[in-house]
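Notebook open, new structure on the screen. I'll jot things down as I look them up.

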Amino acid sequence: MQKELKIALIQANLVWENPEQNRINFTNKISAILETVDLIVLPEMFTTGFTMNPTLVAETMNGDTVSWMQKLANIKKTAITGSVIVKENNEYYNRLLFVFPDGKVEYYDKKHTFTLAGEHKVYRAGSKQLTINYLGWKIRTLVCYDLRFPVWARNNNDYDVLLYVANWPKIRVSAWDALLKARAIENMSYCIGVNRVGLDANNYEYSGNSGAYDILGKRIDSIPEDKEFTQIVTLKKEHISKYREKLGFLNDRDQFTLKH
């Protein structure tokens with residue numbers, strides 16, 4: 001078990017519906033990370049932007065992006081995660097992929113599809129939670145709109161890190177900031193959110209506001225708004241155990257059964 005986990009958060013602009021160019025851009029950004037890290041986090045739909053045109057850009061689990069992630073994970077000796085559009089059994093999914101250094105892939109299908117944009121009409125919602133066991137750390141992976149639903153993220157003492165990837169527009173970014181901090185505090189978990197920047201083809205502006213919070217809700221990154229930026233943060237197991245044992249807030253959590 002590693003006592004520390006080093007995570008690189010890549011806040012980036014995305015080229016609309018152009019997987020090949022986005023892979024090239026992220027290859028350059030990942031290659032520029034000279035420090036040894038354990039995990040690299042990319043935004044939601046990082047190969048396309050938040051498009052409702054999956055027929056143009058969807059891939060399979062044997063497609064170019066999965067192979068690209070596996071190759072880079074092996075070269076950098078680190079895990080890589082982010083969401084992409086996947087077609088499976090004639091359905092489209094907004095799927096978060098977690099690729100291990102050895103090429104193993106685990107995935108999470110976004111549960112809360114964004115009805116305001118009609119995502120629920122295009123993409124099939126997932127129904128299963130995913131907790132990644134990696135280097136002695138338990139990481140719960142979620143996608144964008146999931147952030148607004150605290151029950152789905154509830155920590156039953158079964159994870160250390162809550163991780164969100166997103167395309168969260170600037171017009172509602174105050175909610176993004178508040179909810180990331182709240183999820184950290186209420187779950188006594190590190191909470192990390194990686195969002196994009198720039199303007200998409202629908203003229204939605206994204207300011208990034210990617211961030212990392214410790215289990216008391218203190219921000220531990222220094223990522224600027226409105227610009228591409230890569231930040232490495234270090235998470236510490238001692239921080240989790242110290243305050244969970246000292247404060248014991250999770251012991252008093254409400255008990256409930258989640259119905260899908």
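**Overall fold**

I started with contacts: 67% of those in the protein chain with a separation of 6 or more are between residues 24 or more positions apart. Note to self: this is a predicted model.

Next I pulled up the secondary structure and got six helices and 13 strands for the protein chain. I then checked the overall dimensions. The C-alpha trace spans about 50 × 40 × 35 Å along its principal axes. For 260 residues a compact globule would have a radius of gyration near 18 Å, and the protein chain comes in at 17 Å, so the two agree.

**Surface and charge**

How much of the protein chain is buried? I get 53% of the 260 residues. The exposed area is about 11800 Å², with carbon and sulfur atoms supplying 47% of it.

For charges I have 34 positive and 30 negative side chains in the protein chain. The centres of the two sets lie 3 Å apart.

**Salt bridges**

I searched the whole structure and found 16 salt bridges. I went through some of them.

Glutamate 228 and lysine 29 came up, with their closest N and O atoms 3.2 Å apart. Glutamate 228 is in the loop between β12 (211-213) and β13 (229-236) and lysine 29 is in helix α1 (residues 19-31), so this pair ties together parts 199 residues apart in sequence. I also looked up the cover on glutamate 228: partly exposed, at a relative accessible area of 39%.

Then I turned to lysine 110 and glutamate 44, whose side chains form a salt bridge at 3.0 Å, N to O. This pair also links distant parts of the chain, 66 residues apart. Lysine 110 is in the loop between β5 (105-109) and α4 (119-122), and glutamate 44 is in the loop between β2 (39-41) and α2 (54-57). Are these partners buried or exposed? Lysine 110 has 2% relative accessibility, so I put it down as buried. Glutamate 44 is buried too, with a relative accessible area of 0%.

I also noted glutamate 106 with lysine 104, a salt bridge at 3.3 Å, N to O. Lysine 104 is partly exposed, with a relative accessible area of 45%.

One network went on the list as well: salt bridges link Arg23, Glu59 and Asp64.

**A buried glutamate in α4**

I stopped at glutamate 119, which sits in helix α4. Its relative accessibility is 0%, so it counts as buried. What does glutamate 119 touch, leaving out residues up to four places away in sequence? I listed Met45, Phe50, Met52, Asn94, Lys110, His112, Thr113 and Phe114. Lys110 on that list is the lysine 110 I had just paired with glutamate 44.

**Positive phi**

Last, I looked at backbone angles. Methionine 188 is not a glycine, yet its phi is positive, about 45 degrees. I placed methionine 188 in the loop between α5 (173-187) and β9 (190-195). At 2% relative accessibility, methionine 188 counts as buried.

Asparagine 203 is another non-glycine with a positive phi, near 65 degrees. I found asparagine 203 in the loop between β10 (197-199) and β11 (205-207). Its cover reads otherwise: asparagine 203 is exposed, with a relative accessible area of 61%. For both of these I had a loop to write down, one after α5 and one after β10.

Notes. Residues numbered from 1 in each chain as written. Predicted model: local features only at pLDDT ≥ 70, side-chain atom pairs only at ≥ 80, totals over all residues. Heavy atoms only, no water. Helix = DSSP H or I, 4+ residues; strand = E, 2+ residues; numbered from the N terminus. Rg over C-alpha atoms; globule rule 2.2 N^0.38 Å. Buried < 20%, exposed > 50% of the residue type's maximum accessible area, 1.4 Å probe, protein only. Contact = heavy atoms within 4.5 Å. Areas by Shrake-Rupley, 256 points an atom, 1.4 Å probe, with all protein chains shown as cover. Lys, Arg positive; Asp, Glu negative; His and termini not counted. Charge placed at Lys NZ, Arg CZ, Asp CG, Glu CD. Salt bridge = Lys/Arg side-chain N within 4 Å of Asp/Glu carboxyl O.
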